[in-house]
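Subject: Structure handover

Hello,

Here is the structure for you to look over. My notes follow it.

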Amino acid sequence: MLHITQIKAITLDLDDTLWPIWPTIERAEKRLLAWLQLHAPATADLMQSPHVRQELRAAVHDQWPALHHDLNAMRRESIRLGLQRAGEDSALAEPAFDVFFAARMEVTLFDDALPGLQWLAQRYPIVALSNGTANVHTIGIGEYFVASINAQDVGVGKPDPRIFQAAAQRLGLQPQQILHVGDDANLDVIGALNVGMQTAWVNRADHLWSQPQEPHATVTSMLELCDLLGA
């Protein structure tokens, strides 16, 4: 295990680091289907099936390779494709996506997330760094961040070095002066290590580490990270 040396800032993943993402997505998909049942019932019937939703996403993935980093665009186009296949108005994709996106912003923070953010933000500038589309201001935690950068903004997602470099440039720091914190071993830890950042792996579910490179620290919660940095 490596050791964290003096840092001047933090970049922080969001989904599955500050809140569980799949309950959020499942709720948003249910909200979307309820809206479609009112406005595009044939599409709602088609997209009731998880298999069909997966097939639509795969078709959009194949058709729009330039949009792979933009999860909003991918979701919008999968809805549009579902409407087309059901023979309904494809223009409904825009308001339908808005319903999904609003529900996607309704997250339930892990119990340790808010007190952890409060402690960290008093000591370090924090940049949200995510492949997802969450808006920290809409969610209600924007006050703890000096900036928010996602894959849609940069044109690439983690583990591509360019998104980490964009965060370092925003902070005006060298990568080695920054601690990146996230839950994904490859996207967060290996991606950040490859640009020279220090790393903290948030391992809430007691997963085994399987990568040849190791994080500088492993914690089970944001409060454990605070304890580590405050020691």
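A cavity here is a set of grid points where a 1.4 Å probe fits but cannot get out. By that rule, the structure holds one cavity of 30 Å³ or more. Please bear in mind that this is a predicted model.

**Cavity**

The largest cavity holds about 40 Å³ of space. Its lining is made by M47, R53, L56, R57, R75, S78 and I79. Two helices, α3 (50-63) and α4 (71-85), each supply at least two of the lining residues. Sorted by class, the lining has three nonpolar, one polar and three charged residues.

**Pocket**

The largest pocket is an open set of points, unlike a cavity. Its volume is about 910 Å³. It is lined by 34 residues, and the closest to its centre are D15, W22, L71, N131 and G132. Which elements give two or more residues to this lining? They are α1, α3, α4, α5 and α10 (185-193). The classes in the pocket lining come to 12 nonpolar, 10 polar and 12 charged residues.

**N131**

N131 is among the residues closest to the pocket centre. It sits in the loop between β2 (126-130) and α7 (136-139). What does N131 touch beyond its neighbours within four places in sequence? The contacts are H69, L71, A151, G157, K158, I163 and L187. L71 is also on the list of residues closest to the pocket centre. For K158 there is a polar pair to look at: its backbone nitrogen lies 2.6 Å from a polar atom of the N131 side chain. One C-alpha distance for reference: N131 and A166 are separated by 13 Å, and they are 35 residues apart along the chain.

**Backbone points to check**

Most residues other than glycine have a negative phi, and most peptide bonds are trans. Two places here depart from that.

- The peptide bond from K158 to P159 is cis, with omega near 15 degrees. P159 is placed in the loop between α8 (151-154) and α9 (161-171).
- D16 has a positive phi, near 70 degrees, and is not a glycine. D16 belongs to the loop between β1 (9-12) and α1.

**Helix packing**

Two packed helices are described by the angle between their axes and the distance between the axes. For α1 (residues 21-39) and α5 (residues 93-104), the angle is about 150 degrees and the axes are 8 Å apart. The crossing of α1 past α5 is right-handed. On the α1 side, the contact uses I21, T24, I25, R27, A28, E29, R31, L32, W35 and L36. On the α5 side, it uses P95, A96, V99, F100, A103 and R104. The residues of this contact divide into 11 nonpolar, one polar and four charged. Both helices also give two or more residues to the lining of the largest pocket.

Best wishes

Methods:
Residues numbered from 1 in each chain as written. Predicted model: local features only at pLDDT ≥ 70, side-chain atom pairs only at ≥ 80, totals over all residues. Heavy atoms only, no water. Axes fitted to C-alpha atoms, helices over the stretch in contact; angles between N-to-C directions. Helix = DSSP H or I, 4+ residues; strand = E, 2+ residues; numbered from the N terminus. Left-handed = near helix turned anticlockwise from the far one by under 90°. Contact = heavy atoms within 4.5 Å. Nonpolar A, V, L, I, M, F, W, Y, C, P; charged D, E, K, R; others polar. 1 Å grid on protein atoms, 1.4 Å probe; cavity = no way out; pocket = protein on both sides within 12 Å on 5 of 7 lines; lining within 4 Å. Points joined across faces, edges and corners; volume = space filled by probe spheres on them. Polar contact = N/O pair within 3.5 Å; in protein donor to acceptor, adjacent residues only side chain to side chain.
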